[in-house]
Amino acid sequence: MNLNFLRPQTVLCVCKAIIPWAWGTALVLLGIGATTGLFYSPADYQQGDMVRIMYVHVPASWWALGVYTLMAVSSVIGLVTRIPLFFLMTKAVAPIGAGFTTISLLTGSIWGKSTWGTWWVWDARLTSMLILFFLYIGYLNIASRINQEKDFATASILVIIGWINIPIIKWSVDWWYTLHQPASLMRFAKPAIHYSMLRPLLIMAAGFGFYALALGCLRLSNILRRCQLDRNH
């Protein structure tokens with residue numbers, strides 16, 4: 001099998017090509033999504049304008065789960081193939097996922113204060129999301145000390161085991177009693193959200209995704225260059 005496309009120089013060239021248009025696309029989508037969500041989407045009949053925090057909270061939550069899933073998949077491939085690039089990809093995107101998780105927790109607390117009257121409740125969804133944050137922090141702590149391939153393997157195993165928390169986050173509102181509302185969009189039935197709110201939500205989610213792509217490519221490029229410098233010295 002030809003694996004030339006996984007060589008560091010090839011990956012660097014691909015990242016260099018992706019980064020500019022990913023940044024540009026993210027900027028355009030986030031601008032459109034924020035403008036539409038703040039000024040053109042309707043207020044909620046119960047929550048009023050506070051519902052607009054959804055356009056940041058929900059995409060951040062989606063991508064917090066999505067990035068961790070990417071880390072788990074990359075870790076599995078890295079362990080199977082022993083190709084270091086996949087371990088480095090996991091390391092590159094981990095801070096991005098941690099950032100999304102932080103945004104999700106902070107905006108969720110603000111939203112909870114306005115709707116539930118409290119900043120935090122120990123229900124299943126919030127608690128499992130907090131566990132995800134600690135999983136990210138734990139991996140980042142280990143990754144900061146990694147200098148051998150066997151250390152990458154240990155960190156990858158922890159990521160894979162931690163992935164069990166992702167379906168718990170997704171289905172916790174259905175499995176247990178929780179104050180958190182059920183899924184409005186990512187469910188088997190028709191989405192329970194009006195198109196006027198759904199459109200900016202999806203635009204913001206796409207903007208967050210391209211932001212993650214651009215930043216992930218940038219971080220991976222920096223990590224690869226640093227590895228090359230270390231080998232040269």
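**Helix packing and cysteines in an all-helix chain**

Helices α2 and α3 are roughly antiparallel to each other. That label follows from their packing angle, which is about 155°, because anything over 145 degrees counts as roughly antiparallel. The two axes lie 7 Å apart, with α2 covering residues 54–81 and α3 covering residues 84–115. As for handedness, α2 and α3 cross in a left-handed way. All of this comes from a predicted model.

Helix α2 has another partner to look at, helix α4, which spans residues 124–143. Here the axes come within 11 Å and the crossing is roughly 45°, so α2 and α4 end up oblique to each other. The crossing of α2 and α4 is left-handed. On the α2 side, the contact is made by S61, A64, L65, V67, Y68 and M71, and these meet M129, L132, L135, Y136 and Y139 of α4.

Stepping back to the whole chain, there are seven helices and zero strands. Read from the N terminus, the order is simply α-α-α-α-α-α-α. The chain has 233 residues, and 43% of them count as buried. What about contacts between residues at least 6 apart in sequence? Of these, 78% join residues that are at least 24 apart. On the outside, about 12800 Å² of the chain is exposed, and 69% of that area is supplied by carbon and sulfur atoms.

Then there are the cysteines. A disulfide is a covalent bond between the sulfur atoms of two cysteines. How many disulfides does the chain have? The count comes to zero, and two of the cysteines help to show why, given that a pair of sulfur atoms has to be within 2.5 Å to qualify. For C13, the closest cysteine sulfur belongs to C15 and sits 9.4 Å away, which is too far for a bond. C15 itself has its closest cysteine sulfur in C217, at 4.1 Å, and that is also too far for a bond.

Are C13 and C15 buried or exposed? C13 has a relative accessibility of 53%, so it counts as exposed, the cut-off being over 50%. C15, with a relative accessible area of 4%, is buried, because buried means under 20%.

Note on methods
Residues numbered from 1 in each chain as written. Predicted model: local features only at pLDDT ≥ 70, side-chain atom pairs only at ≥ 80, totals over all residues. Heavy atoms only, no water. Helix = DSSP H or I, 4+ residues; strand = E, 2+ residues; numbered from the N terminus. Buried < 20%, exposed > 50% of the residue type's maximum accessible area, 1.4 Å probe, protein only. Contact = heavy atoms within 4.5 Å. Areas by Shrake-Rupley, 256 points an atom, 1.4 Å probe, with all protein chains shown as cover. Axes fitted to C-alpha atoms, helices over the stretch in contact; angles between N-to-C directions. Parallel < 35°, antiparallel > 145°, perpendicular 65-115°, else oblique. Left-handed = near helix turned anticlockwise from the far one by under 90°.
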